[in-house]
Amino acid sequence: MSSSEQQQEIGLYCAYGALMTMAFVPIYTGSIASLGGMKRPENATKRKKTDSPLEDSEDEDEGITESLSSSDAWMFPVMGSIVLFSLYMLFRYLDTEILNYLITGYFSLMGCAAVAKTGFMITKKVIPVNLLKSYVSKYRLTLSRQGKRLSHVSFTVVHFMLLGASVLLTAYYSMTKNWIASNIFGLSFSINAIQLLSLDSFKTGMILLSGLFFYDIFWVFGTEVMVSVAKNFDAPIKVIWPRDIIGYLLDTGKSEYGFTMLGLGDIVIPGIFVALCLRFDRHMSWEREPKGEFRSTKFTKPYFTACAFAYILGLATTMFVMHVFHAAQPALLYLSPACILSVLITAAVRGELKDLFAYTTEEEKEEEKDEKDANKKSKKKEITEEIETKEHEQVVEETSEAQATEDGDDEGEEEDYVAVDKSESPKGGKKKKGGKGGRKKK
């Protein structure tokens with residue numbers, strides 16, 4: 001093997017390692033950030049107010065914005081197939097350059113917000129609170145009506161600095177399509193998606209991963225659609241790395257070096273399942289020992305660790321097969337079984353299968369609770385009124401029967417009295433027997 005071939009081989013291994021790193025970092029970061037969306041239990045103390053101007057204590061109990069249910073999981077591969085095939089047809093029959101201009105404009109706007117939000121998240125963790133207190137002031141814009149606050153927005157100069165930096169990065173990417181800028185957008189999209197998207201249960205997660213398992217196999221092995229769209233779709237929906245990073249850095253001839261790529265779907269879809277495992281770990285840990293700060297990350301993480309390790313192993317298997325056969329591989333073919341089996345095996349070993357499938361993150365909305373309570377009260381009132389009505393009818397019926405009996409006795413006595421009167425008349429009529437024992441006049 002020549003020195004050039006050895007260099008390319010080393011560069012390819014570096015590419016695999018870079019892709020695995022760029023896949024795991026957003027999964028870990030997004031999973032940790034998703035803990036902030038968990039509903040604080042009633043027996044958990046509220047988080048202490050921080051002096052950092054970048055923190056807003058009123059946002060503590062903000063829930064996860066989007067939650068996928070079982071019905072969504074069933075439809076996900078179907079909708080994904082429709083979108084994928086539609087893109088394939090558009091790229092095949094329309095001008096690719098014009099389509100990519102439109103796509104670039106859309107993803108530039110979305111990416112600008114994603115990069116700013118991710119940068120803000122990193123800034124809060126990296127910059128010391130004391131430094132922020134000394135140099136950063138906090139401002140608040142409040143929207144109110146007749147003295148009642150409707151909404152508020154807190155911001156600092158850091159927000160504007162990060163927004164300005166993301167705008168400059170967006171402009172740079174739009175003009176140059178630089179692969180590093182593209183990766184920054186892709187990583188930001190992944191972190192925000194894993195943080196904000198939630199699976200409502202492990203059942204939903206397993207349905208989703210199983211459906212996309214067959215989806216990936218069909219569109220990669222069965223057709224050219226997936227590979228064709230990935231090559232023509234010039235947008236930050238994937239993370240890429242040069243196959244020969246050494247040659248790329250030493251030579252400016254970028255066109256001579258290919259790129260390895262990993263789609264964001266292979267990061268986000270397993271990533272939200274890994275994040276669910278972390279939230280389940282937090283739930284089980286709190287159930288066993290409800291002490292300390294609920295949003296702390298200092299708790300045992302058996303399911304998160306097992307699923308994250310299985311993801312890395314599955315991704316490594318994907319790259320090994322791709323390297324051996326020199327052909328594109330559907331990553332979910334290996335990632336879906338790895339993630340599902342790791343969770344099931346961990347639960348079986350720990351004897352927590354029942355708890356695993358009973359766990360849900362879906363919270364009832366206040367309107368639904370109020371509606372259910374109103375329905376219960378209405379049904380209870382109807383039952384009470386029905387019982388009272390029946391009791392009233394029964395009382396009326398018994399009263400009527402008693403009255404009818406008394407009226408019958410009175411009629412009998414009156415009839416007997418008349419009969420006696422007739423028998424004692426001067427004309428000497430015959431005596432008539434009464435119904436209930438006649439009374440004779442002496």
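1. A helpful starting point: two strands pair if DSSP finds at least two bridges between them. Keep that in mind while looking at this predicted model. Strand β2 (residues 139-145) and strand β3 (residues 148-155) are joined by seven bridges and run in the antiparallel sense.

2. Stay with these two strands for a moment. Threonine 142 has histidine 152, in β3, as its bridge partner. Two residues lie between β2 and β3, which form a hairpin. Look at the turn, too: glutamine 146 has a positive phi there, about 55°.

3. Now step back to the whole protein. You can find 14 helices and six strands in it. Of its 442 residues, 38% are buried. Among contacts between residues at least 6 apart in sequence, 76% join residues at least 24 apart. The protein exposes about 27300 Å², and carbon and sulfur atoms supply 60% of that area.

4. Helix α2 (residues 70-93) is a nice one to check by hand. Why should helix α2 span 34 Å? The helix has 24 residues, and the expected span counts 1.5 Å a residue, taken one less than the number of residues. The end C-alpha atoms of α2 are 36 Å apart, which agrees.

5. Where does α2 bend? The bend, of about 35°, is at phenylalanine 76, and proline 77 follows within four residues.

6. Finally, see which side chains of α2 to look for. Ala73, Pro77, Ser81, Leu84, Tyr88 and Phe91 are buried. The buried residues of α2 pack against three helices: α3 (96-126), α7 (202-222) and α8 (225-232).

Technical notes. Residues are numbered from 1 along each chain as its sequence is written. This is a predicted model: local features need pLDDT of at least 70, side-chain atom pairs count only at pLDDT 80 or more; totals for chains, interfaces and linings use all residues. Side-chain values use heavy atoms; hydrogens and water are left out. Buried means under 20% relative accessible area, exposed over 50%, partly exposed in between (1.4 Å probe, protein chains only). Contact means heavy atoms within 4.5 Å. Accessible areas come from the Shrake-Rupley method with a 1.4 Å probe; for residues, only the protein chains shown count as cover. The bend at a residue is the angle between axes fitted to the seven residues ending there and the seven starting there.
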